[in-house]
Amino acid sequence: MAVPVILPKMEMSQENATITEWLTVEGETVRKGQPLLMVETDKVSVEIESPADGILAGIRFGAQETVPVTTVIAQILAPGEELGAVEDPDGQAVSLKTQEFALPADDRVVTPVARRMATELGVDLNAVSGSGPGGRVVKADVEAAASATGPRGLRASPAARRLARAGGIDLAAVPGSGPRGRVQAADVQALLAQSTAESPADELIPFAGMRATIARRMTESYQRAPHIHLRATADVSAVEATRRRLSELGDEKITFTVMLVKVCAWALCHHPRVNATVTDAGMQLCADVNVGVAVSLPEGLIVPVIRQADQRSLSDLARALNDLTVRARAGTLTPADVADGSFTLTNLGMFGVESFDPILNPPQAAILGVGAPVRTATEVGDQVVFRPRVQLTLGADHRALDGAIAAQFLADLVAALEQPELMLL
Amino acid sequence: MRELSYLEAIREALQQEMRRDPRVFVIGEDVGVYGGAFGVTRGLVEEFGEQRIIDTPISELGIAGAITGAALTGMRPVGEIMFMDFTTLAIEQLVNQAAKIRFMFGGTATVPFVLRCPAGSGTGAAAQHSQSLENWFVHVPGLKVVMPSTPYDAKGLLLAAIRDDNPVIFVEQKLLYKTRGPVPEEDYTVPLGKADIKRAGRDLTIVATGVMVARALEAAEQLAREGIEVEVVDPRTLKPLDAELIIQSVSKTGRVLIVHEAARTGGYGGELAAIIAESEAFDYLDAPIVRLAGRDMPIPYNRTLEYHTVPQVENIVEAARQLAQGRV
């Protein structure tokens, strides 16, 4: 029976998701659990897995289409099976497109090399008739199909073909100097030499998925929220000592970032106006202190949120942060993991950056940028000693926060970093 | 190093092996007092006597049967067929008996003989005394076929062939008998199944057998003056064949010319071409595999016609040049 592939609802308030990419093609044999496509919401990008073994068929939506959740977007069929009837979430029956491909017969098998070549050469396996035992599609069938669609009568020596394959050159584009216009190895080599001599073309990477979301949100924030940035430095020797001692005492390794989350959560409790979101309608004071921590991934920045950070012990924070970071890197964060942040912490200290001006994470009213500790001459009593100092830069939305309020919050951050025991009061 | 002729190198191999191994004897037509039709065995009867240098009646089947039987009983005979053409008369013993026995007795019996066969054209000996029939024997499982092209290889390969436990067809080149080359005095073997690069080059591989090796080398010398660097590979043993060396060479040069004297159709060149085409060298071929071989006709008695029946140096030069210049 046809198994529907349904666009899942990933969080309570979610209505739509956008298909970013199909990872497999119609007519392909898939296994249960195999990723079929990528979808993204405003917040995360998620792989949708196949619900069954079978053949992917009846794909109804392509990349960049936005689809309501719980919609049937494709079906998984047994060999020879017809597409099943489909209703949209609103109960409307859907007229399915007639099948544009022939479903493979029961005994149809494609050899691994034929499958790989078909992918490389862009040959539609469904259009290839198999000549192997039991109708198996073998390499020669794919090659025949590829050459049938290629230019007629293309002559090339095996060596030229090998070089063209290795160099990713289309033989049809190579003028042949051999007898009867045969493409020789030297012809391919000449073209390869020419193409390497030219400087490589600039590469355009279109904003897609996560990158597009970041681009849109940062533009909006930078253009709409009047940013102010306030700087202060804090002697972190005390907090560093506390961190080390607690790491030894407890089971969890307490990192500097965990300490920062703790300090922010503590200070936010004392400054509810900073723990807020801003819209055109006004500022909304958040009931919970939900601290987001920026995590850098190859494809972009993501900010998983530690909920009710003010209620948690340091070891609990360490566990939560570790879990979120691991899942962020594995790409398995859920929309809920990145939702409802009331404040964001971003630390570039590990890259040696001493200070920077962070852009607000909308709709939050404030963000803290933390730099690398620098050993700095510090006056202690009558003496000058060297202490590790960290630059803190608080970004604030001036619509909601004036400099004075932001400054008081920043001062409390510095105080808690320099005297962590304050947080016990 | 001391130089010997191809003929003397073969004689020295026989002589040394007969001194070393009492099981070795020579049998053939006029091999004793007369010293062989080409003089290869001259002087041997004086040293070893008529018990070990045996003259036979004119019966090639008799010679082939005698060496098969003697080999089965533990001797290591070396038979001589005066002209390879006459192996036609011996073929029942060679193909149906000698080649099969080791296999049909499950390996318990061996047939360690060598049958020397002077072959090839160029001596004005006409159609029945000029043939190159090596590929007939290549086709028969159980026989080994050796075809030396230099005095050094002739001695080393003959010693290896006599010591081999299988029947070996040893194809000598009549035209090469007088050619000279360095040959060590001591006992040495050239292993069967080991090809040799007679000249290294980068532009083109010529695989040549027997007398064609010398012609290919001469052609390579001329082509070098035109800037074409030819690699000449001599299989030396047609069966078992050292395919690997040939495949390596062709993979390096991307072009191959196969040259043999035997008639083109059904000749050894077809086998070589197939082996190359089936191998990983295929992906390196930058031109079709080209064969240069004897015409599909009996060798004429007329010397001019004879000359033009089999590949000559100038034919090899022309074919190799075309191939190297990408005109094929």
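Me: I'd like to begin with a single residue. Where does Ala200(B) sit in chain B?
Reply: Ala200(B) lies in the loop that joins strand S9 (196-199) to strand S10 (204-208) of chain B. Keep in mind that this is a predicted model.

Me: And how do I read its exposure: how many C-beta neighbours does Ala200(B) have inside 10 Å?
Reply: The general idea is a neighbour count, where 20 or more would be buried and 12 or fewer exposed. Ala200(B) has 13 C-beta neighbours inside 10 Å, so Ala200(B) counts as partly exposed.

Me: How far is the C-alpha atom of Ala200(B) from that of Val232(B)?
Reply: The two C-alpha atoms are separated by 6.5 Å, although the residues are 32 positions apart along the chain.

Me: Let's widen the view. What is the secondary structure of chain B, and what share of its residues is buried?
Reply: Chain B comes to eleven helices and 14 strands. Of its 328 residues, 53% count as buried. As for contacts with a separation of 6 or more in chain B, 80% are between residues 24 or more positions apart.

Me: What are the corresponding values for chain A?
Reply: Chain A has nine helices and 21 strands. It has 425 residues, of which 34% count as buried. Residues 24 or more positions apart make up 60% of the chain A contacts with a separation of 6 or more.

Me: Now a helix. Is H1(B) largely enclosed or largely open?
Reply: H1(B) is largely enclosed by the rest of the structure, because eleven of its 15 residues are buried. Among them are Leu7(B), Ile10(B), Leu14(B) and Met18(B). The buried residues of H1(B) pack against several elements of chain B, including strand S1 (3-5), strand S2 (24-28), helix H2 (44-48) and H6. Its length agrees with expectation too: the end C-alpha atoms are 21 Å apart, and 15 residues at 1.5 Å a residue should span 21 Å.

Me: How do I describe two helices that pack together?
Reply: The description uses the angle between their axes and the distance between the axes. For helix H1 (residues 6-20) and helix H6 (residues 151-163) of chain B, the axes come within 8 Å and cross at roughly 30 degrees. H1(B) and H6(B) are therefore roughly parallel to each other. The crossing of H1(B) past H6(B) is right-handed. On the H1(B) side the residues include Tyr6(B), Ala9(B) and Ala13(B), which meet residues of H6(B) including Ala154(B), Leu158(B) and Ile162(B).

Me: At what angle do H8(B) and H9(B) cross?
Reply: The axes of helix H8 (residues 243-253) and helix H9 (residues 268-278) of chain B cross at roughly 65 degrees and come within 10 Å. That angle makes H8(B) roughly perpendicular to H9(B). H8(B) passes H9(B) in a right-handed crossing. Ala243(B), Ile246(B), Ile247(B) and Val250(B) of H8(B) make the contact with Leu272(B), Ile275(B) and Ile276(B) of H9(B).

Me: One last helix, in chain A. Which residues of H6(A) are buried?
Reply: They are Val239(A), Thr242(A) and Arg243(A). Their arc around the axis is only 100 degrees, which puts them on the same side of H6(A). They pack against helix H7 (256-270) and helix H9 (403-418) of chain A. On the face of H6(A) turned away from that buried side are the exposed residues Ala241(A), Arg244(A), Arg245(A) and Glu248(A). Helix H6 (residues 237-249) of chain A has 13 residues and reaches 18 Å between its first and last C-alpha, close to the 18 Å expected.

Definitions and conventions:
Residues are numbered from 1 along each chain as its sequence is written. Chains are lettered from A and ligands numbered from 1 in the order in which they are written. This is a predicted model: local features need pLDDT of at least 70, side-chain atom pairs count only at pLDDT 80 or more; totals for chains, interfaces and linings use all residues. Helices (H or I, at least four residues) and strands (E, at least two) are DSSP runs, numbered from the N terminus. Two residues are in contact if their C-beta atoms, placed from the backbone, lie within 7 Å. The expected span of a helix is 1.5 Å times one less than its number of residues. The arc is that of the directions from the helix axis to the C-beta atoms. Axes are lines fitted to C-alpha atoms, for helices over the stretch in contact, and angles run from 0 to 180 degrees between N-to-C directions. Angles under 35 degrees count as roughly parallel, over 145 as roughly antiparallel, 65 to 115 as roughly perpendicular and the rest as oblique. A crossing is left-handed if the near helix is turned anticlockwise from the far one by less than a right angle, and right-handed if clockwise.
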